[in-house]
Amino acid sequence: MKLCQDGYFKGFLFSRVVKHSVIQAGASGEFDAVKDWALQRKNLDTSLKQEEFMVGTPKAKNEQGGFDFFIVSAQITDLNEKLTVFGRVAKGQDVVQDIEEVETDEQYQPKSPIEIMSVTLLQDM
């Protein structure tokens with residue numbers, strides 16, 4: 001929540017878009033916020049499971065020292081073992097679906113940049 005409140009995600013670019021599946025955003029590099037996230041991850045409620053419009057981060061460590069997260073737009077059960085779910089898209093599911101419609105290359109990278117403009121926190125999951 002602190003990363004959202006601090007505006008950390010503003011300006012993140014979506015780097016992968018797989019229609020009717022998942023969209024991925026992230027930032028590379030060694031940021032203090034990323035280091036804090038890595039430490040805080042251990043304290044997350046891991047009972048949350050992947051379902052449509054959930055937001056999660058890979059359980060595996062990012063070797064480049066960056067931070068990636070995924071918004072899942074469909075029920076993909078095997079992701080429960082691969083993602084730590086920490087939120088959900090409460091409003092703006094239509095925006096997620098619009099992002100899924102952008103033109104991508106063969107590696108599912110958007111041909112035009114798609115940037116996160118803002119994040120709003122709601123109290124309950």
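**Exercise 1. Of the 125 residues of the chain, what percentage counts as buried?**

Solution. Begin with the kind of model: it is a predicted one, in which local features need pLDDT of at least 70 and side-chain atom pairs count only at pLDDT 80 or more, while totals for chains, interfaces and linings use all residues. Residues are numbered from 1 along each chain as its sequence is written, and side-chain values use heavy atoms, with hydrogens and water left out. Next, take the cut-offs: buried means under 20% relative accessible area, exposed over 50%, and partly exposed in between, with a 1.4 Å probe and protein chains only. By this rule, 36% of the 125 residues count as buried.

**Exercise 2. Which pattern of helices and strands does the chain follow along the sequence?**

Solution. Helices (H or I, at least four residues) and strands (E, at least two) are DSSP runs, numbered from the N terminus. The chain comes to 3 helices and 5 strands, and read along the sequence they give α-β-β-α-β-β-β-α.

**Exercise 3. Describe the surroundings of glutamate 100, a residue of helix α3.**

Solution. First, locate the residue: helix α3 spans residues 93–100, and glutamate 100 lies in it. Second, look for a charged partner, where a salt bridge is a side-chain nitrogen of Lys or Arg within 4 Å of a carboxyl oxygen of Asp or Glu. Glutamate 100 is buried yet has no salt bridge, and the nearest side chain of opposite charge, that of lysine 19, is 7.9 Å away. Third, turn to the backbone: the side chain of glutamate 100 reaches the backbone nitrogen of serine 21 at 3.3 Å. Finally, list the contacts (heavy atoms within 4.5 Å): leaving aside neighbours within four places in sequence, the partners of glutamate 100 include Val17, Val18, Lys19, His20, Ser21 and Ser73.

**Exercise 4. Where do phenylalanine 53 and tyrosine 108 lie, and is each buried or partly exposed?**

Solution. Take phenylalanine 53 first, which lies in the loop between α2 (32–40) and β3 (54–58); its phi is near 65°, a positive value in a residue other than glycine. Phenylalanine 53 counts as buried because its relative accessibility is 10%. Tyrosine 108 is placed in the segment after α3 and has a positive phi of about 65° although it is not a glycine. With a relative accessible area of 44%, tyrosine 108 is therefore partly exposed.

Note on methods
Lys and Arg count as positive and Asp and Glu as negative; His and the chain ends are not counted. A polar contact is a pair of N or O atoms within 3.5 Å; within protein, one must be able to donate a hydrogen and the other to accept it, and residues adjacent in sequence count only if both atoms are side-chain atoms.
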